[in-house]
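Here is a briefing on one protein chain. Please look over the sequence and the fold before reading on.

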Amino acid sequence: MELFLYALVILIAGGVLALIFSFHTKLACFWGISSAFVGSTLGVIASFMAIFSPKPLEYYALWPIPYAAFALKLDALSGFFLLVILGIAAITAIYGKGYLKHYANEYNLGAVWFFFNLLIAAMSVVVVSANGILFLAAWEIMTLSSFFLVTMENEKPEVRRAGFIYLIAAHIGTAFLFVMFWILAGYTEGTMDFSKFMELPLTQEIASILFVMAVIGFGTKAGLIPFHVWLPEAHPAAPSHVSAIMSGVMIKTGIYGILRISTFLGMPPLWWGILLVAIGLVSGLMGVLLALAQHNIKRFLAYCSVENIGIITLGLGIGFIGITCQNPTITALGLAGALLHVLNHGIFKSLLFLGTGAVVQETNTKQMDSLGGLLKKMPITGTTFLIGSVAICGLPPLN
């Protein structure tokens, strides 16, 4: 756990230094990029240690806030999501070095790197939190830091609109999470530690209410239909390396949240799994249909994220049905398929957004109808984009 704490300190300290040296763009970028890469790399090592550790890695410190504690728990589930988050964060940080050069004379890149590092740190704490107040604090920091990144080009009306929609949608989802944790805290004696939530005497009715709140609250962040309204607006507006982080990994924190909260609620009734399957099917089908109607390449990729998060949720639903029916084979196939696609989608969607960023900067357009013949002029980008395209199609040997 010490390695994860070091990674967290490096990410936050590097972001603060980038902000302090905002007056000197090169120094600000140096601190932001190097700390993002080094911190993420250390976190990746910590995640591998957690995945293969026989017992969870834990850290607990008192926090002088009601119901709160600085409680961290890095188990195999947290380690897997942390691996996806920080592995992709390290790559996008390197990409951001070249991508943001075009904006050096227009925007405060020190602030951009501060919020980028803060977003990575907040996502990491979200999946490692073992206390409800700490979780909600990290969740809110994740929302606000990504909002400021989305609205980097805030002089554009469409960017301001996208940021406004994202902020409203995110906080509607967060409101459901606040109520959910408040209800859980009502069963404990002045604490929101997750270890206490594992022992609650919940009735089936209360557990079902909490599950629905979790699906709405976390589903909004994940971009599940009908809570997806922010996603096709925010992703096209954000810088491409930020789009890669948000689409590739940030929306997966919603999937993590549903999985983690379900461990507090006891044996799931059959309709929980059916609900997840239904939402997953609708998101998958509607996401791809809406994507086919797009001409803006980043909006196209955003709707593809709605489709793929639906596929992941479909796997979760099948896993839940397997748990209810006490069928270990169905459980393993459903949950393993969902987690595999968390990793799959994180890699290929980030790759596609990064490739799109290169194309947009070279051509100055996001309209797919205006693009063509780029493979000869951009062979490296074209090749990597082709790999991502084959992966998103699910063709062997990739997905």
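The points below go from the whole chain to its pockets and then to single residues.

This is a predicted model. The protein chain has 399 residues, of which 55% count as buried. Its secondary structure comprises 16 helices and two strands. The largest pocket has a volume of about 530 Å³, and the second largest has about 290 Å³.

**Overall fold**

- The radius of gyration is 20 Å, which agrees with the value near 21 Å for a compact globule of 399 residues.
- Along the principal axes, the C-alpha atoms fill a box of roughly 60 × 45 × 40 Å.
- Take the contacts between residues at least 6 apart in sequence: 76% of them join residues at least 24 apart.
- The accessible surface of the chain is about 16700 Å². Carbon and sulfur atoms account for 72% of that surface.

**Largest pocket**

- The volume of this pocket is about 530 Å³. Its lining has 27 residues, and the closest to the centre are E153, K156, P236, V360 and K366.
- Which helices each supply at least two residues of the lining? They are α6 (157-185), α9 (231-237), α13 (297-324) and α14 (328-363).
- The lining divides into 11 nonpolar, six polar and 10 charged residues.

**Second largest pocket**

- This pocket has a volume of about 290 Å³. Of its 20 lining residues, E58, K73, A130, F194 and S195 are the closest to the centre.
- Strands β1 (57-62) and β2 (69-74) each give two or more residues to the lining. Helices α4 (109-128), α7 (194-197) and α11 (252-262) do so as well.
- By residue class, the lining has 11 nonpolar, four polar and five charged members.

**Y60, on strand β1**

- Y60 sits in strand β1. Its relative accessible area is 49%, so Y60 is partly exposed; the cut-off for exposed is over 50%.
- Beyond residues up to four places away in sequence, Y60 touches A69, F70, A71 and D193.
- Y60 and N131 are 71 residues apart along the chain, and their C-alpha atoms are separated by 9.8 Å.

**Two buried helix residues**

- S145 belongs to helix α5 (residues 132-150). Is S145 buried or exposed? With a relative accessible area of 1%, S145 is buried.
- Leaving out residues up to four places away in sequence, S145 touches F115, L118 and L119.
- H341 lies in helix α14. Its relative accessible area is 10%, so H341 is buried too, the cut-off being under 20%.
- Neighbours within four places in sequence aside, H341 is in contact with N308, I311, I312, G346, F348 and N399.

**Cis peptide bonds**

- The bond from I225 to P226 is cis, with omega near 10 degrees. P226 lies in the loop between α8 (204-222) and α9.
- Another cis bond joins P396 and P397, where omega is about 5 degrees. P397 is in the segment after α16 (379-392).

**Positive phi outside glycine**

- Q326 is not a glycine, yet its phi is positive, near 55 degrees. This residue is in the loop between α13 and α14.
- Is Q326 buried or exposed? At 66% relative accessibility, Q326 counts as exposed.
- N364 also has a positive phi, of about 60 degrees, although it is not a glycine. Its place is the loop between α14 and α15 (374-377).
- N364 has a relative accessibility of 71%, so it counts as exposed.

Note on methods: Residues numbered from 1 in each chain as written. Predicted model: local features only at pLDDT ≥ 70, side-chain atom pairs only at ≥ 80, totals over all residues. Heavy atoms only, no water. 1 Å grid on protein atoms, 1.4 Å probe; cavity = no way out; pocket = protein on both sides within 12 Å on 5 of 7 lines; lining within 4 Å. Points joined across faces, edges and corners; volume = space filled by probe spheres on them. Helix = DSSP H or I, 4+ residues; strand = E, 2+ residues; numbered from the N terminus. Nonpolar A, V, L, I, M, F, W, Y, C, P; charged D, E, K, R; others polar. Rg over C-alpha atoms; globule rule 2.2 N^0.38 Å. Buried < 20%, exposed > 50% of the residue type's maximum accessible area, 1.4 Å probe, protein only. Contact = heavy atoms within 4.5 Å. Areas by Shrake-Rupley, 256 points an atom, 1.4 Å probe, with all protein chains shown as cover.
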